[in-house]
Amino acid sequence: MKKTILVTGGAGFIGSHVVRRLVNRYPEYTIINYDKLTYAGNLENLSDVDQKPNYIFVKGDILDGDKLKEVFSQYTISGVIHLAAESHVDRSLHNPDEFAITNVIGTIRLLQAAKNAWNGNWEGKRFYHISTDEVYGSVEHGKFFTEETPIDPQSPYSSSKASSDHFVKAYGNSYKMPVVISRCSNNYGPNHFPEKLIPLMIHNILQKKPLPVYGKGENVRDWLFVEDHAAAIDTIFHKGKTGEVYNIGGNNEWKNIDLVYFLCKLMDSKLKRSEGESAKLITFVTDRPGHDLRYAIDATKLMTQLGWRPSVTFEQGLEKTVDWYLSNQEWLNHVTSGAYQQYYQNMYHNR
Ligand code: NAD
Ligand code: DAU
């Protein structure tokens, strides 16, 4: 069946994997990538699919209601997959208002544009909002976030995402818009911007620069390979029940310090360095304020009701990731030149 899907934030890390998957798997669909191209958006991420006839790029801001209206009237869009957001917790601590504007107001503008275009004709329509496990806050050891866990965000980033989730639900409840939400754990993989833990460590190991571990490195994250998140998004978009929330996670918990040691060992072997060489770069730095101790997702609902499963182990996924960065050092050089240098200096100098 022909469909036109609007993907927001398709030039970012997860969005580019979603766009690639949809463009390749569904040649009968038209995939519109609507992205403002902030520091995190990079069209190089899609160079392997951007010439395909079913792919369209539109440079646009989700805050720009007129541009959204134009796109909805130019194309017969039946589905929206909304990933565009400010996504980095550390940046949100410095610029909370920017996160509220993009993540909350931007989501409302997008909801409103879809509502106006669909005009109450909900048949065959779907608005899919990509959220995060961080909206649940931190969870004590031995417990897991389920879809029933109360929302309890702790950072400006997670507060903005939680607020956008509520607006999406409100459009479902108040106007009967067919909405669906998923909340995923930490992703890793190719094209990950090196402000986040794993790609930042890979970049610094390559450069033999200090590896800044926040606090004592005791915080726990549940890591999922980005292509498995893209597969889950595909599954939920096509098979998820309207009005539902689905958790997505890899059941793969790592303390930050253990993960960094594991990565150092893998990179030493890939770079033919002696074992232990990269781990010497580990430097404990001032903790992130309000740092959530542990995230852990229970993805039973998605697995039992929709049949999704992660396809790779963490060891396989991390090796694929490191191999990708080693063969794409030009990509890394592009994204770390210019503004990144200033960002790194501001964030890590004297930390
Ligand atoms: P990212 O920062 O890599 O990409 C964000 C993309 O959104 C970029 O391409 C950027 O240009 C675009 N964008 C930002 N503001 C925009 C605006 N105003 N208008 C249009 N486009 C705009 O983010 P990511 O890590 O790929 O995350 C994508 C989504 O998934 C986010 O909503 C995030 O909250 C969610 N999420 C991320 C993770 C993770 O581990 N990275 C986990 C769970 C959920
Ligand atoms: O859980 C899903 C979330 O995962 C997404 O919603 C966010 O968009 C995404 O950025 C990610 O948030 P985190 O804050 O968990 O990811 P980050 O890579 O920034 O940090 C992972 C852990 O590593 C966290 O405990 C902080 C720590 N850390 C991070 C950086 C950048 C360090 O110790 N040193 C660092 O330099």
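## Two helices that cross

Let's start with a pair of helices: H6 crosses H10 in a right-handed way. Keep in mind that this is a predicted model. H10 covers residues 314-327, and the axes of H6 and H10 sit 11 Å apart at an angle of about 50°. That angle falls outside the ranges for roughly parallel, antiparallel or perpendicular, so H6 and H10 count as oblique to each other.

Helix H6, made of residues 197-207, turns up again further down, in the surroundings of ligand 2.

## Around ligand 1

Which residues come nearest to ligand 1? Out of 28 residues around this ligand, the nearest are Ile-14, Asp-35, Ser-87, Tyr-157 and Lys-161. Sorted by class, the shell holds twelve nonpolar residues, twelve polar ones and four charged ones.

Several elements chip in. Helix H1 (13-25), strand E5 (126-132), helix H5 (156-175) and strand E7 (186-188) give at least two residues each. E5 has the largest share, with three residues.

Now for some polar contacts made by the backbone. A polar backbone atom of Gly-12 is 2.9 Å from an oxygen atom of ligand 1, and a backbone N or O atom of Asn-187 also lies 2.9 Å from an oxygen atom of this ligand. For Lys-36, the partner is a nitrogen atom of ligand 1, 3.1 Å from a backbone N or O atom. On its own, ligand 1 has 830 Å² of accessible area, and the protein covers 96% of it.

## Around ligand 2

Ligand 2 has 24 residues around it, and Asp-133, Glu-134, Tyr-157, Arg-288 and His-291 come nearest. By class, that shell splits into ten nonpolar, eight polar and six charged residues.

What does ligand 2 touch through its oxygen atoms? The side chain of Tyr-157 puts a polar atom 2.6 Å from one oxygen atom of the ligand. The side chain of Glu-134 has an N or O atom 2.7 Å from a ligand oxygen. Ser-87 uses its backbone instead, with a polar atom 2.7 Å from an oxygen atom of ligand 2. Taken alone, ligand 2 exposes 690 Å², of which the protein buries 94%.

As for elements, helix H6 and strand E8 (211-214) are the ones that give two or more residues to this shell. E8 supplies the largest share, three residues.

## Residues to look up twice

Two names appear on both sides of the story. Tyr-157 is listed among the nearest residues of ligand 1 and among those of ligand 2. Ser-87 is one of the nearest residues to ligand 1, and its backbone also has a polar atom 2.7 Å from an oxygen atom of ligand 2.

Definitions and conventions:
Residues numbered from 1 in each chain as written. Chains lettered and ligands numbered in written order. Predicted model: local features only at pLDDT ≥ 70, side-chain atom pairs only at ≥ 80, totals over all residues. Heavy atoms only, no water. Near = heavy atom within 4 Å. Polar contact = N/O pair within 3.5 Å; in protein donor to acceptor, adjacent residues only side chain to side chain. Areas by Shrake-Rupley, 256 points an atom, 1.4 Å probe, with all protein chains shown as cover. Helix = DSSP H or I, 4+ residues; strand = E, 2+ residues; numbered from the N terminus. Nonpolar A, V, L, I, M, F, W, Y, C, P; charged D, E, K, R; others polar. Axes fitted to C-alpha atoms, helices over the stretch in contact; angles between N-to-C directions. Parallel < 35°, antiparallel > 145°, perpendicular 65-115°, else oblique. Left-handed = near helix turned anticlockwise from the far one by under 90°.
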